[in-house]
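Welcome, and thank you for opening the viewer. Please load the model below, keep your selection tool handy, and follow the stops in order.

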Amino acid sequence: VAAVKELERENVAAAAEKLSTKLVKAEERRLQTTPSERAAQRTRQVATALNTMALKTEEKRRALDLVQNRATEKRNELVASVTSRASSSNERVSFVAEKIKMGRFDEVCT
């Protein structure tokens, strides 16, 4: 049990040392670069991120436009179909009504 705890302490100490080394190296890199370089780099990063977001937004807008256009076309086709069937039905009703007015019942049933 004591050996396991000692091993865990050594592992924690090694991880802490590794993290400390990383932090020191990062601080050295930060100190080596001038604030204007960091600002320019951050500006580029922000511009890239904004551009990426704008591209994704435009792609979504185009996809939405396509879906809306397809839906409009489908709806127009459906309306045209219903209109055509209604027109045919109305023509048949008009024909039957005219024949009934004329008293030609035998022509109505055919």
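Does R104 count as buried, partly exposed or exposed? Select R104 to begin: at 36% relative accessibility, R104 counts as partly exposed. Here buried means under 20% relative accessible area, exposed means over 50%, and partly exposed lies in between (1.4 Å probe, protein chains only).

Before moving on, a word about what you have open. This is a predicted model, in which local features need pLDDT of at least 70, side-chain atom pairs count only at pLDDT 80 or more, and totals for chains, interfaces and linings use all residues. Residues are numbered from 1 along each chain as its sequence is written, and side-chain values use heavy atoms, with hydrogens and water left out.

**Stop 1: the whole protein**

Zoom out and colour by secondary structure. The protein has three helices and zero strands, giving the pattern α-α-α when read along the sequence. Its radius of gyration is 40 Å, well over the 13 Å that the globule rule gives for 110 residues, so the protein is more spread out than a compact globule. (The radius is taken over C-alpha atoms, and the globule rule is 2.2 Å times the number of residues to the power 0.38.) Helices are DSSP runs of H or I with at least four residues, strands are runs of E with at least two, and both are numbered from the N terminus.

Turn the C-alpha trace around: along its principal axes it spans about 110 × 55 × 15 Å. Now show the surface. The protein exposes about 10000 Å², and carbon and sulfur atoms supply 60% of that area; accessible areas come from the Shrake-Rupley method with a 1.4 Å probe, and for residues only the protein chains shown count as cover. Of the 110 residues, 3% count as buried.

**Stop 2: along α2**

Select residues 35-102, which form α2. At 1.5 Å a residue, the 68 residues of α2 should span 100 Å, and its end C-alpha atoms are 99 Å apart, which agrees. The expected span is 1.5 Å times one less than the number of residues in the helix.

Step past the end of this helix to G103, which follows α2 and has a positive phi, near 80°. Your starting residue, R104, sits in the loop between α2 and α3 (105-108). For a sense of distance, draw a line from R104 to S81: they are 23 residues apart in sequence and 32 Å apart in space, C-alpha to C-alpha.

**Stop 3: a nonpolar patch**

Next, select V46, L50 and M53, which make a nonpolar surface patch of about 280 Å². Patches are made of residues with over 30% relative accessible area and no salt bridge; like charges are joined within 9 Å, and nonpolar side chains (Val, Leu, Ile, Met, Phe, Trp, Tyr) within 5 Å. M53 is found in helix α2 and is exposed, with a relative accessible area of 53%.

**Stop 4: charged pairs**

Side chains of opposite charge can pair when their charged atoms come close. How many salt bridges does a search of the whole structure find? The search finds four, a salt bridge being a side-chain nitrogen of Lys or Arg within 4 Å of a carboxyl oxygen of Asp or Glu.

Go to helix α1 (residues 2-32), where E6 and R9 are three residues apart and so separated by about one helical turn. Their side chains meet in a salt bridge (3.6 Å, N to O). E6 counts as partly exposed at 38% relative accessibility, while R9 counts as exposed at 52%.

Return to α2 and select E58, R61, R62 and D65, which are linked in a network of salt bridges. Within this group, the side chains of E58 and R62 meet at 3.3 Å, N to O, and these two residues lie four apart, about one turn of the helix. E58 is partly exposed, with a relative accessible area of 29%, whereas R62 counts as exposed at 54%.

D65 forms a salt bridge with R61, their closest N and O atoms being 2.7 Å apart. This pair is also four residues apart in α2. D65 is partly exposed at 30%, and R61 is partly exposed at 40%.

**Last stop: a long view**

Keep D65 selected and add L7: the two are 58 residues apart in sequence and 62 Å apart in space, C-alpha to C-alpha.
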